[in-house]
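Work through the exercises below with the sequence and the coordinates open. Try each task before reading its solution.

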Amino acid sequence: MNNEDLFKKVVSHCKEYGFVFPSSEIYDGLAAVYDYGQNGVELRNNIRQYWWKAMTQLQTNILGIDAAIFMHPKTWKASGHIDGFSDPMIDNKDSKKRYRADVLLEEHQEKLRAKADKEVEKARARFGESFDETMYRSTNPRVVEYLNTISHIDNTLKEGLETGNLVMIKALIEELGIVCPVSGSKNWTDVRQFNLMYSTQMSAVESGEDSLYLRPETAQGIFVNFLNVQKSGRAKIPFGIAQTGKAFRNEIVARQFIMRMKEFEQMEMQFFCKPGTELEWYAYWKEQRLKWHLALGTDKNSYRYHDHVKLAHYANAAVDIEFDFPFGFKEVEGIHSRTDFDLSKHEEFSGKKLRYFDPETNESYIPYVVETSIGLDRMFLLALCAAYQEEAVEGGEVRTVLKLHPALAPVKAAILPLVKKDGLPEMAEKIYNDLRFDFKLYIEDKDSIGKRYRRMDAIGTPFCITVDHESPANEDVTIRHRDTMEQRRVKVSELRDILAKETGMSALLQKLA
Ligand code: ATP
């Protein structure tokens, strides 16, 4: 299955099996907004819980909070979001479509890169064993031209964005002859900055003064509560504050399903430390966060670190954890060493001291911060892309199976009476009623057992527990493993322990300790 097919299949699987639906679909949907269905909500809750427990339960010095989505408007002035949180946009006058200018340029670069790679592959086939790729890339005139144009785009875009010279960016788009993918024309408007924050009103009267923003990140709710948590929690530096919650960004170029949404959820942790120790903590969190991802059993070659070359002015180190999605390596999480930027700004704008008094050294200082920030929805998409498989099974059939980590699976086990008679449904129901206090289960007696197994495979249920004719007399059942499809007989009395061990969060969390 190629990547494009895989992605299409994941998207339609999400809808068919109740993971993700387009928002307000009966009204033809709302661009880049999605709803989670009955299985999606369970998977999403489990991912969130895995993150939450790894942060606030495993780490003794991380405390959780849940700040409001609305914040005092000055927050966003202090954080720099009002002045600086924008994307450069350009419209095509013929198609009336709006694009991110930097994305148009990056896509153009991708095309050039593909052309250069094609030349290299052609030459490799021609020269065979003796082919020297490095030499070829630096000497073949056509390839050199492609590569030079790519770095020319990088440099001009960087300069244009840094100096706010948007005329320069438009000139570059024109110079490269980039056309609108819809109309095919080069009839572009000027490039303008477009703020990504959604605003609304606090009161019913529109005065402009009480403009509120829907938060574009959860982090600021942590910064403004730094002292509240530190004091009430008697926290000693170094310590962290963790939060999960909705964030909103008016993403103009919303693409790739739930990869880039206008309403999404973040899981963020700000780690407060002594100035001068931040790079050690940055290294620690960089490693720790990748460990969290890999503990789920995902192939480690699907992950890579992408160090930021160009740092935000307040950061002294930043890295993305990228995953190999079907559309290429893309950021799923960022780890940023943010210095004392945010707390200093909030001190300045609020006029309140946001300092930590160190009882050991009798010093008072603004802590430095290392942030870990992951999108819950992007992690959800990652989990599905990594888990989705189609396997040939006996009889020439293909089964679709989601090989999700059992701790993340929406349903932990299905209880299935083999037939709808002979007391089997009653026994299945008794097992279900006994175990449902501890596990999310499913019970069903319709259709053939094979069909019921397939439906459970498709939503990633790790175990199918079948009650057959031998079960009532022996007080036993068969338990079928999703990945191997192997079945074994176990006593009903053993089920609780098996499910707890195999599908609980604790074995997963132990891998992080
Ligand atoms: P990108 O470069 O992809 O726009 P970003 O660098 O703006 O992301 P951050 O501000 O660092 O992202 O946000 C942290 C995390 O939040 C990202 O790693 C991503 O997982 C998630 N995220 C950010 N924007 C979106 C969005 N529009 N939809 C879904 N998830 C998002």
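## Exercise 1: Backbone outliers

Asn-362 sits in the loop between β14 (356-358) and β15 (363-365). The model is a predicted one.

**Task.** Find what is unusual about the phi of Asn-362, then decide whether the residue is buried or exposed.

**Solution.**
1. Asn-362 is not a glycine, yet its phi is positive, about 60 degrees.
2. The relative accessible area of Asn-362 is 58%.
3. Exposed means over 50%, so Asn-362 is exposed.

**Task.** Repeat the analysis for Phe-257: where is it, and is it buried or exposed?

**Solution.**
1. Phe-257 lies in the loop between β9 and β10.
2. Phi of Phe-257 is near 60 degrees, again a positive value in a residue other than glycine.
3. Relative accessibility of Phe-257 is 12%.
4. The cut-off for buried is under 20%, so Phe-257 counts as buried.

**Task.** Which form does the peptide bond from Ile-237 to Pro-238 take, cis or trans?

**Solution.**
1. Read omega: it is near 5 degrees for the bond from Ile-237 to Pro-238.
2. That bond is cis.
3. Place Pro-238 in the chain: it belongs to the loop between α10 (226-232) and β9 (239-248).

## Exercise 2: The ligand shell

**Task.** How many residues surround the ligand, and which are the closest?

**Solution.**
1. The shell holds 14 residues.
2. The closest are Glu-251, Arg-260, Met-261, Glu-331 and Val-332.
3. Sort the shell by class: six residues are charged, four are polar and four are nonpolar.
4. Now map the shell onto strands. β10 (263-273), β13 (328-339) and β16 (368-375) each give at least two residues.
5. β13 supplies the largest share, four residues.

**Task.** What polar atoms of Arg-249, Met-261 and Val-332 lie by the ligand, side-chain or backbone?

**Solution.**
1. Arg-249 uses its side chain: a polar atom there is 2.9 Å from a ligand oxygen.
2. Met-261 uses its backbone: a polar atom there is 2.8 Å from a ligand nitrogen.
3. Val-332 also offers a polar backbone atom, 2.8 Å from an oxygen of the ligand.
4. Add the surface view. The ligand alone exposes 590 Å², and the protein buries 81% of that.

## Exercise 3: Helix geometry

**Task.** What span should helix α7 (residues 141-163) have, and what span does the model give?

**Solution.**
1. Count residues: α7 has 23.
2. The rise is 1.5 Å a residue, taken over one less than the number of residues, so the expected span is 33 Å.
3. The end C-alpha atoms of α7 are 32 Å apart, which agrees.

**Task.** Apply the test to helix α11 (residues 278-294): what span is expected?

**Solution.**
1. With 17 residues at 1.5 Å each, α11 should span 24 Å.
2. The end C-alpha atoms of α11 are 24 Å apart, which agrees.
3. Check burial as well. Buried residues of α11 include Tyr-282, Trp-285, Leu-290 and Trp-292. Charged side chains appear there too, among them Glu-278, Lys-286 and Arg-289.

**Task.** What lies at the two ends of α7, and what covers its buried residues?

**Solution.**
1. At the N-terminal end, Asn-140 is the cap: its side-chain oxygen is 3.0 Å from the backbone nitrogen of Arg-142.
2. After α7 comes Gly-164, with a positive phi near 70 degrees.
3. Buried residues of α7 include Val-143, Tyr-146, Thr-149, Ile-150 and Ile-153.
4. The cover over the buried residues of α7 includes α5 (101-127), α6 (133-139) and α8 (166-175).
5. Take one pair of residues. Arg-113 is in α5. Arg-113 and Thr-149 are 36 residues apart in sequence, and their C-alpha atoms are 9.9 Å apart.
6. Arg-113 is partly exposed, at 32% relative accessible area.

## Exercise 4: A loop residue and the whole chain

**Task.** Is Ser-95 buried or exposed, and which residues does it touch?

**Solution.**
1. Ser-95 is in the loop between β4 (86-91) and β5 (98-100).
2. Its relative accessible area is 19%; buried means under 20%, so Ser-95 is buried.
3. Beyond four places in sequence, Ser-95 touches Cys-180, Val-182 and Ser-183.

**Task.** How many helices and strands does the protein chain have, and what share of its residues is buried?

**Solution.**
1. The chain has 18 helices and 23 strands.
2. Of its 513 residues, 49% count as buried.

Definitions and conventions:
Residues are numbered from 1 along each chain as its sequence is written. This is a predicted model: local features need pLDDT of at least 70, side-chain atom pairs count only at pLDDT 80 or more; totals for chains, interfaces and linings use all residues. Side-chain values use heavy atoms; hydrogens and water are left out. A residue is near a molecule or strand if one of its heavy atoms lies within 4 Å of it. A polar contact is a pair of N or O atoms within 3.5 Å; within protein, one must be able to donate a hydrogen and the other to accept it, and residues adjacent in sequence count only if both atoms are side-chain atoms. Accessible areas come from the Shrake-Rupley method with a 1.4 Å probe; for residues, only the protein chains shown count as cover. Buried means under 20% relative accessible area, exposed over 50%, partly exposed in between (1.4 Å probe, protein chains only). Contact means heavy atoms within 4.5 Å.
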